[in-house]
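Me: I am new to reading protein models, and I would like a close look at a single part of this one. Please explain each term as you come to it, and then show me how the part sits in the rest.

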Amino acid sequence: MSFAKASSDSVGNDAKVTTGSVSLTDSTETQEAGTNERFLEHAVKRTGSWVGAVFNIMCISIGTGSMNLPAVVKRCGWFGIILFVLMAVIGWYVGVLFKRAMYARPGRRLSSFAFVTREAFGVVGYWFATIITYLYCCGTVISWIIVSGTQITRLLGFAHAHLDEKISMTIIAVVMWIPFTVLKTLNEITISSVFGVLTAMFTVIVLGVTSIQHKYTDTYYSPDFDHPPTHTFIIGAGIPSALASISFMYAGAVAFPHLEGNMKRPQQFGWMLFLANFLVCGAYLTSSVTGYMAFGDQTVSPILNNLPNLPIVNAATILIIIHVVFAAPIMLVSANLELELAFGVMPGIIGKRKELFWRIIMRTVTMGILLAISIAIPYFGQVIDLVSAISTTVVFFMVPVFCYVKLFGWRKIPKYELFICFLLAAIGAVACVWGLIDAIKSLKKAIEQGHG
């Protein structure tokens, strides 16, 4: 299947599914299609624009990730810049493949990440995808709670006030819990994502400019390092774990069905995703190039800890905290929609009142678990690396291509596409295993030393 043919097929299927036509051939398909329709009622409202989808992706991606990326470049050298661009292209390509997989069955739209995986690999695939989705989204929010809580405590310290990091994290978690519980679908949080993107872009610019203005030689510089920073073009041993960390920044595949499902014109999804990844990549390059250029092998994660106590930096820190509060519902709604679907927590099954009750219970329990983990292991960079290795390498590299090949059949896919799919899966496997080993070692070291 060529790219053009697949794209036109998808557009055709979009029109069929949007109008509600469904092809059924046996009782199993009837039951499955009924579940999909109830899920669509629960989560899909085609009222959003491509602009809103771009902002949602940017809100998920830009922000705390940009504070970790300079340290990722330190891990693999300047070659990491090439990896950022390459991964943006791969992220777009994987998204296109996954959308094709969503419309692999004529007249039907597989309406979630887990549904696509179930269609390809049965019940085992369904639960595997549900668990991976939950780990990825929840792991991301854990890193946000950690960085927000630690930075609140750090900012208050500059003002000679003390607030324990555990209390700071608890406050952030409660603030995140409110929109996460109240807002049911992604379509309802587009406005918050716009604000989140604006705050994130401001922060990226501040980080870039301040990093260049206040390098190692500046008299403000804190903390005091024992030698000038050095730079390396490529560090081969750090590339696999760097791939895992970078995949964390682009692994939005779990949210693609919900984003696409909210678009009035789903045929715009491909170029919408390309534009979003292009903008995200630009933000990543801004923070990573300037951060590594300024601090080299002395770069830490988050990059905020390399910067001096300046009003503009503190303002950017406050904005990044605000940003994650707005971004967290996007990630958590994506995860919990899958979980609520798996347990039948939908208005069409149990009624609106019971759905609201159980949604509040499930989402409150989720936030409580995330807060407990954040307090137990408050190491931002190490948590991102661990989540990246466990879940995002699988979500980003492997699941979409495996589902695509399985649903369409390898005989119907051009050989060059099969080669690309095989290559992506192989890279993902190496990044997963190697990245997990490095992440565990790094986390163990952080726990032993008592700091990240």
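Reply: What follows begins with how far to trust the model, turns to one pocket, and then visits a helix and some loops.

This is a predicted model, in which local features need pLDDT of at least 70 and side-chain atom pairs count only at pLDDT 80 or more, while totals for chains, interfaces and linings use all residues. Residues are numbered from 1 along each chain as its sequence is written, and side-chain values use heavy atoms, with hydrogens and water left out.

The pLDDT is the predictor's confidence in each residue, from 0 to 100; its mean over the chain is 80, and 83% of the residues reach 70 or more. Over residues 1-30, however, the value is below 50, although the model gives this stretch 47 contacts beyond near neighbours in sequence, a contact being heavy atoms within 4.5 Å. Residues 32-43 likewise stay under 50, with 39 contacts beyond four places in sequence. Where pLDDT is low, the predicted coordinates should not be read in detail.

The chain has 16 helices and 0 strands, where helices (H or I, at least four residues) and strands (E, at least two) are DSSP runs numbered from the N terminus. Of its 452 residues, 57% count as buried, that is, under 20% relative accessible area, whereas exposed means over 50% and partly exposed lies in between (1.4 Å probe, protein chains only).

The part to study closely is the second largest pocket, with a volume of about 270 Å³. Among the 15 residues that line this pocket, Leu-135, Gly-139, Ile-142, Ile-373 and Val-387 are the closest to its centre. A pocket is found on a 1 Å grid over the protein atoms alone, as an open set of points with protein on both sides within 12 Å along at least five of seven lines, and lining residues have an atom within 4 Å of a point. The points are joined across faces, edges and corners, and the volume is the space filled by probe spheres set on them.

Helices H6 (113-158), H14 (352-376) and H15 (380-408) each supply at least two residues of that lining. Its residues divide into 12 nonpolar, 3 polar and no charged; here Ala, Val, Leu, Ile, Met, Phe, Trp, Tyr, Cys and Pro count as nonpolar, Asp, Glu, Lys and Arg as charged, and the others, Gly among them, as polar.

After H6 comes a loop to helix H7 (165-182), and this loop holds His-160. His-160 has a positive phi of about 60° although it is not a glycine, and it is exposed, with a relative accessible area of 78%.

Ile-62, in the loop between H3 (50-61) and H4 (64-76), is instead buried, with a relative accessible area of 2%. Its contacts, not counting residues up to four places away in sequence, include Ala-200, Val-280 and His-323. Tyr-284 is 222 residues from Ile-62 in sequence, yet their C-alpha atoms are 7.6 Å apart.

Helix H5 is mostly covered, with 18 of its 24 residues buried. Its end C-alpha atoms are 34 Å apart, which agrees with the expected 34 Å span, reckoned as 1.5 Å times one less than the number of residues.

One last detail lies in the loop between H11 (269-295) and H12 (311-342), the place of Pro-302: the peptide bond from Ser-301 to Pro-302 is cis, with omega near 0°.

Methods. 1 Å grid on protein atoms, 1.4 Å probe; cavity = no way out; pocket = protein on both sides within 12 Å on 5 of 7 lines; lining within 4 Å.
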